[in-house]
Amino acid sequence: MNREERNSLIGTMTTLCYLEKDDSYLMLHRVKKRNDVNQDKWIGVGGHALAYESPEDCLLREVKEETGLTLTSYRFRGIVTFALKDVETQYMCLYTADGWEGTLDYNCPEGDLEWVLIKELESLNLWEGDRVFFKLLQENRPFFSLKLEYDSDELIKCVLDGKELELTAF
């Protein structure tokens, strides 16, 4: 395998954060970008790391860009590996945050920001794998490694800390 082939196997790093307030998460309804893999889905805030950024650098920058807020208290909850057929693998650092400074800017270029009660998340148009890590977050599970394999929009395999899970549980 030559260097170009090896590098094509390396994925990208992203961050995703759920800001928590009053039994709600700040959710982003992705409706503003064209050709968006997350089109019409509800996700947290975050995005792709830039060159030389640590996960925390990326987290702080992305939250500031998308919300106008500066995080002051956050927790690294887990690493999520997204394996999508015919798409580069993504390694997502998942965070929750309960402290920030500034005023929320609802004019996000990625979509519409909205506080959603945690108990109402199930009613949103979510990626199937997001339901898995929401459950883990609600169980206050210690740091976890979650691998989600997709074929297009269909979740076909879920592996938590090296053990395959039954998809029907979610």
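These legends walk you through several close-up views of a predicted model.

**View 1. Tyr74 and Tyr95 form an edge-to-face pair.** A pair of aromatic rings is described by the distance of the centres and the angle of the planes. The model has eleven aromatic pairs. In the one shown here, the ring centres of Tyr74 and Tyr95 are 6.0 Å apart and their planes meet at 70°, so the pair counts as edge-to-face, a label given to angles over 60 degrees. The two residues sit 21 residues apart and belong to distant parts of the chain: Tyr74 is in strand E5 (residues 70-84), and Tyr95 is in strand E6 (residues 90-101). Look at their surroundings too: Tyr74 is partly exposed, at 32% relative accessible area, whereas Tyr95 is buried, at 0%.

**View 2. Phe76 meets Phe143 edge-to-face.** Here the centres are 5.0 Å apart, with 90° between the planes. Phe76 lies in strand E5, while Phe143 lies in the loop between helix H3 (128-138) and strand E8 (144-151), so this pair ties together parts that are 67 residues apart in sequence. Phe76 is partly exposed, with a relative accessible area of 30%. Phe143 is partly exposed as well, at 48%.

**View 3. Helix H3 is mostly covered.** Of the eleven residues in H3, eight are buried. Among them are Gly129, Asp130, Arg131 and Val132, along with Leu136 and Leu137. Phe133 and Phe134 are also buried in H3, and ring pairs join these two with Tyr18 and Tyr25 in a cluster. After H3 comes Asn140, which has a positive phi, near 55°.

**View 4. Lys41 lies over the face of Trp127.** In this view, find the ring of Trp127 and then look for Lys41, at 4.7 Å from the ring centre.

**View 5. The largest pocket holds about 580 Å³ of space.** Rolling a probe the size of a water molecule over the atoms shows where empty space is left. Which residues are the closest to the centre of the largest pocket? They are Arg30, Val37, Asn38, His48 and Gln90, out of 26 residues that line this pocket. Several elements give two or more residues to the lining: strand E1 (12-21), strand E4 (45-48), helix H2 (55-67), E5, E6 and H3. By type, the lining residues divide into ten nonpolar, seven polar and nine charged.

Methods:
Residues numbered from 1 in each chain as written. Predicted model: local features only at pLDDT ≥ 70, side-chain atom pairs only at ≥ 80, totals over all residues. Heavy atoms only, no water. Phe/Tyr/Trp six-rings, centres within 6.5 Å; stacked < 30°, edge-to-face > 60°. Helix = DSSP H or I, 4+ residues; strand = E, 2+ residues; numbered from the N terminus. Buried < 20%, exposed > 50% of the residue type's maximum accessible area, 1.4 Å probe, protein only. Lys NZ or Arg CZ within 6 Å of the ring centre and 35° of its normal. 1 Å grid on protein atoms, 1.4 Å probe; cavity = no way out; pocket = protein on both sides within 12 Å on 5 of 7 lines; lining within 4 Å. Points joined across faces, edges and corners; volume = space filled by probe spheres on them. Nonpolar A, V, L, I, M, F, W, Y, C, P; charged D, E, K, R; others polar.
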